[in-house]
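Got your viewer open and a selection box ready? Let's walk through this chain stop by stop.

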Amino acid sequence: MNHQNLTTTLLDEGISMSFKAAIERYKLGHFPDYILEKYENQLVYVFENEVYTSSLEMDVTFMSESYYGAIFLKNLHAEGYIIQEETDYGPLIIVQGDIKAKNLFVSGGDCYFRGNVSVAQTLVAGVYNHGELTINGQIEADLILSFDHSFTYTAAHIKRGIVVGLQPSIEHPEFQVYDFQDVLEKKYYLPGEEVLNTDQVLKAMRKGQTLLKNTTLLTPLERQILKARQSNTAKANLGGMGLKDIPQALFELTELTVLDLSCNYLESLPAEILGFKQLTKINLFDCEFEVFPEVLLQMPSLQEINLGKNALSRLPDDLAKLSGLKKIGLYKCHLNEFPEQFYQMTKLEEIDLSYQEEQPALTIKQSLPALKTLHLNANFGANIQAVLPNLQDLSMRNCSLKEFPESILSSKKLKKLDLSLNRHMLDFPAEIENLQQLREFRFTMNDHKPAHFEQLNKLPKLHKLWIQLPFGPPHWFLDILQIEHWTELFIEGKLDNPVIWKEILKRKQLAKLAKVSQFGEEILNIEQGRRELKVSPNAK
């Protein structure tokens, strides 16, 4: 039977009525208000009996100048495929019973499947941001794909299927995110773009062909463990796997030196982790820890720990047992004071305490002789009272500083200094010239020109200026051109004055120029800018 005859036969079984009338007559249940408003007075086909068909093209069958969709009150069966291909607002499809098909493709239509969906090969549950799909019942398929689409489902209802495109959850981390190359033949996706080749996908589904690679498939977790096992670098990256527990297979890799468990749902670490006798670095960023995992205190080989973005409010008294620790990351935790344990850790080189949720008064009262990098961003009232002789990188962005932190003037090795977004810090001390190794300086330009600004001219290695403009360029902006040594300029904020840009582009030694926004850095083409503004770099 050809498609035209099939369509005619199927539509003969349907009853024509408005969507509103169908809801009232058949008690179809709840729909969002926007769906009711959109289709209320539109005609739909209603099928009161079970529907069996060889295949079904939903767009051409159920959407025309007069009709906007179909309602199946009982089960819908297709020997081959059911396809809703149109991405721009396909038909309204409601199935109150179960759906069975070899392949099922849903795109831009509004589809509500109240029962179970059982697909022998591939379920494509949306590839575009028009329309929506809701499946209330259980879902079974060899392969389940969904991208850039409003797909409502319950993870526990996925009883069978390799899932690509759906995010893992803490309740059901086993539905992990596969990559295209893990599961699909190459012709079914566009390499490097992470999008389906929908033409090839639809062609295969209509022919009843699987999209799956003809090989043994590994879960992302299995693939990463295998990669770690085969690696000569002794590193394992299990970040973002939706893990609630560490898989036992990992503990077989006793030679690990680096372990990334970030962005998982871990609340604690098991004792088996002590088997990693050579572990030097562990990343536990953005997990579910509320207390420091004390099993780490029994791992003297550790040199780096990242526990950022965990709800830690204190550190263990015995932290200093980790005498070899060089780096600790505690970004966006809940500490309310500077941890005194750090004063006892003589090898500690890097500390990140930025964005503490409790807004503590982080005061450093004692010297940290080995410290090279210190990040205290967005902690109002942060204060350095001690000398940090080996400090090379200090970031105190947005700390509400009112004065330049003069204690750092003794940090003669300082190379990077970020004091931006401290709008009330108006002046620089004359002794800023002591920072002879300073290469990068980030600061905010207010209307008030800082006292001793010209002292920056006495810093021979100052090659990068990062200037934050909260209110646009102040009247003294071009005074930066009097600072002799810089070759790179990064501008954060609005600067649309072509006269200022011309003066900047005249700088002969200018090597890099960039605009900075919340979206990142935009490196500008200096030579192109000079051509467009007709600027010669040789101009004085």
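Start by selecting Lys-332, which is partly exposed, with a relative accessible area of 31%. You'll find Lys-332 in the loop between strand E22 (327-329) and strand E23 (350-352). Check its backbone: phi is positive, about 55 degrees, although Lys-332 is not a glycine. Keep in mind as you click around that this is a predicted model.

For a second residue of this kind, jump to Lys-534, in the segment after H9. Its phi is near 55 degrees, again a positive value in a residue other than glycine. Lys-534 is exposed, with a relative accessible area of 79%.

**Three parallel strands and a helix**

Now select residues 464-469 and 488-493. These are strands E30 and E31, and they pair in the parallel sense over 6 bridges. To get the register, put Lys-464 on screen: it stands opposite Glu-488 in E31.

Add residues 512-517, strand E32. E31 and E32 run parallel too, joined by 5 bridges. Here the pair to label is Ile-491 and Lys-515, the latter in E32, standing opposite one another. How does the chain cross from E31 to E32? It goes through helix H8 (residues 498-505), and this β-α-β crossover is right-handed.

Stay on H8 and show the side chains of Ile-500, Trp-501, Ile-504 and Leu-505, which are buried. Look down the axis of H8: the buried residues fall within an arc of 135 degrees, so they line one face of the helix. In general, an α-helix has 3.6 residues a turn, so residues three or four places apart point the same way. What do the buried residues of H8 pack against? Colour E31, E32 and helix H9 (526-533), and you have their packing partners.

**Salt bridges**

Next, charged side chains. The count for the model comes to 20 salt bridges; here are a few to pick out.

Begin with one that reaches E31. Select Arg-397 and Glu-492: they form a salt bridge, with the closest N and O atoms 2.6 Å apart. This pair links distant parts of the chain, since Arg-397 sits in the loop between strand E27 (393-395) and strand E28 (416-418), while Glu-492 belongs to strand E31, 95 residues apart. Are these partners buried or exposed? Arg-397 counts as buried at 18% relative accessibility, and Glu-492 is buried as well, with a relative accessible area of 14%.

Move on to Asp-479 and Lys-449, whose side chains meet in a salt bridge (2.8 Å, N to O). Asp-479 lies in the loop between E30 and E31 and Lys-449 in the loop between strand E29 (440-444) and E30, so the pair ties together parts that are 30 residues apart in sequence. Asp-479 counts as buried at 18% relative accessibility, whereas Lys-449 is partly exposed, with a relative accessible area of 32%. While you have salt bridges displayed, select Glu-57, Glu-85 and Arg-206: salt bridges that share partners join them into one network.

Then take Glu-304 and Lys-281, a salt bridge whose closest N and O atoms are 3.7 Å apart. Glu-304 lies in strand E21 (residues 304-306) and Lys-281 in strand E20 (residues 281-283), so the pair ties together parts that are 23 residues apart in sequence. Glu-304 counts as partly exposed at 23% relative accessibility, and Lys-281 is partly exposed with a relative accessible area of 36%.

**A buried aspartate without a partner**

Leave Lys-281 on screen and add Asp-260, in strand E19 (residues 258-260). Which side chain of opposite charge is nearest to Asp-260, and how many Å away? That is Lys-281, 7.7 Å away, and Asp-260 is buried yet has no salt bridge. A salt bridge here needs a side-chain nitrogen within 4 Å of a carboxyl oxygen, so this pair falls outside the cut-off. To see what does surround Asp-260, show Ala-236, Asn-237, Leu-238, Gly-239 and Asn-283: Asp-260 touches these, not counting residues up to four places away in sequence.

**Last stop**

Finish back in the loop between E27 and E28, this time at Glu-403. With 62% relative accessibility, Glu-403 counts as exposed. Draw a C-alpha to C-alpha distance from Glu-403 to His-424: they are 7.7 Å apart in space and 21 residues apart in sequence.

Methods
Residues numbered from 1 in each chain as written. Predicted model: local features only at pLDDT ≥ 70, side-chain atom pairs only at ≥ 80, totals over all residues. Heavy atoms only, no water. Pairing = 2+ DSSP bridges. Helix = DSSP H or I, 4+ residues; strand = E, 2+ residues; numbered from the N terminus. Right-handed = clockwise from strand over helix to strand, strands pointing away. Buried < 20%, exposed > 50% of the residue type's maximum accessible area, 1.4 Å probe, protein only. Lys, Arg positive; Asp, Glu negative; His and termini not counted. Contact = heavy atoms within 4.5 Å. Arc of directions from axis to C-beta.
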